[in-house]
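Reader: I am new to this structure and would like a close look at a single part of it. Please take one place where two helices meet and describe what surrounds it.

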Amino acid sequence: MRDMIQEGNAFVIKEDGSVIAEVTFKPAGEGTIVIDHTYVAEEMRGQKLAEDLVRRVVEHARETNQKIIPACSYADAQFRRRKEYEDVWQKS
């Protein structure tokens, strides 16, 4: 069974108690967070787990009225592809 949970400044997906995917973020000043890392276990790639995790960080930012700087390459690519993330994208 898979569960997505928040652990500190990360959202993780666990399967049978082991982390199979994660996205980490950190504060970057008032009202802004940086997505700095995404990871999906090699055997789990291609299942859109990282996409689901980035979407969850976007939801979190909306819930907490924050903007996001997508610093990791995967998050940056997701933000460039998805117009629906424009409202939380902190562009420099």
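Author: What follows is a walk through the contact between two helices and the residues around it.

The model is a predicted one. Helix α1 covers residues 49-63, and helix α2 covers residues 73-81. The two pack with their axes 11 Å apart, at an angle of about 75 degrees. Since angles of 65 to 115 degrees count as roughly perpendicular, α1 is therefore roughly perpendicular to α2.

On the α1 side, the contact is made by A50, E51, V54 and V58. On the α2 side, Y74, A75, Q78 and F79 take part. By residue type, the contact divides into six nonpolar residues, one polar and one charged.

Two residues of α2 deserve a separate look. Q78 lies in helix α2 and is buried, with a relative accessible area of 3%. Leaving out residues up to four places away in sequence, Q78 touches E51, V54 and Y85. E51 and V54 belong to the α1 side of the helix contact.

The other residue is F79, which is also buried. Apart from neighbours within four places in sequence, F79 is in contact with I35, V54, V58, I68, P70, Y85, V88 and W89. V54 and V58 are α1 residues of the helix contact.

F79 also has aromatic partners. The structure holds three aromatic pairs. In one of them, F79 and Y85 form a tilted pair, 5.1 Å centre to centre, with 55 degrees between the planes. Y85 is buried. F79, Y85 and W89 form one aromatic cluster.

The surroundings extend to the largest nonpolar core, which has 25 residues. In soluble globular proteins, nonpolar side chains tend to be buried together. Within this core, I35, L49, V57, I68 and F79 touch the most other members. The elements that give two or more residues to the core are β2 (10-15), β3 (18-27), β4 (32-40), α1 and α2. The most comes from α1, with seven residues.

Finally, there are the loops on either side of α1. K48 lies in the loop between β4 and α1. Its phi is near 65 degrees, a positive value in a residue other than glycine. K48 counts as exposed, at 55% relative accessibility. N65 is found in the loop between α1 and β5 (67-70). N65 is not a glycine, yet has a positive phi of about 55 degrees. At 70% relative accessibility, N65 counts as exposed, whereas Q78 in the helix contact is buried.

Methods
Residues are numbered from 1 along each chain as its sequence is written. This is a predicted model: local features need pLDDT of at least 70, side-chain atom pairs count only at pLDDT 80 or more; totals for chains, interfaces and linings use all residues. Side-chain values use heavy atoms; hydrogens and water are left out. Axes are lines fitted to C-alpha atoms, for helices over the stretch in contact, and angles run from 0 to 180 degrees between N-to-C directions. Helices (H or I, at least four residues) and strands (E, at least two) are DSSP runs, numbered from the N terminus. Angles under 35 degrees count as roughly parallel, over 145 as roughly antiparallel, 65 to 115 as roughly perpendicular and the rest as oblique. Contact means heavy atoms within 4.5 Å. Ala, Val, Leu, Ile, Met, Phe, Trp, Tyr, Cys and Pro count as nonpolar, Asp, Glu, Lys and Arg as charged, and the others, Gly among them, as polar. A nonpolar core is a set of buried Ala, Val, Leu, Ile, Met, Phe, Trp, Tyr and Cys residues joined through side-chain atoms within 4.5 Å. Buried means under 20% relative accessible area, exposed over 50%, partly exposed in between (1.4 Å probe, protein chains only). Rings of Phe, Tyr and Trp (its six-membered ring) pair if their centres lie within 6.5 Å; planes under 30 degrees apart count as stacked, over 60 as edge-to-face and the rest as tilted.
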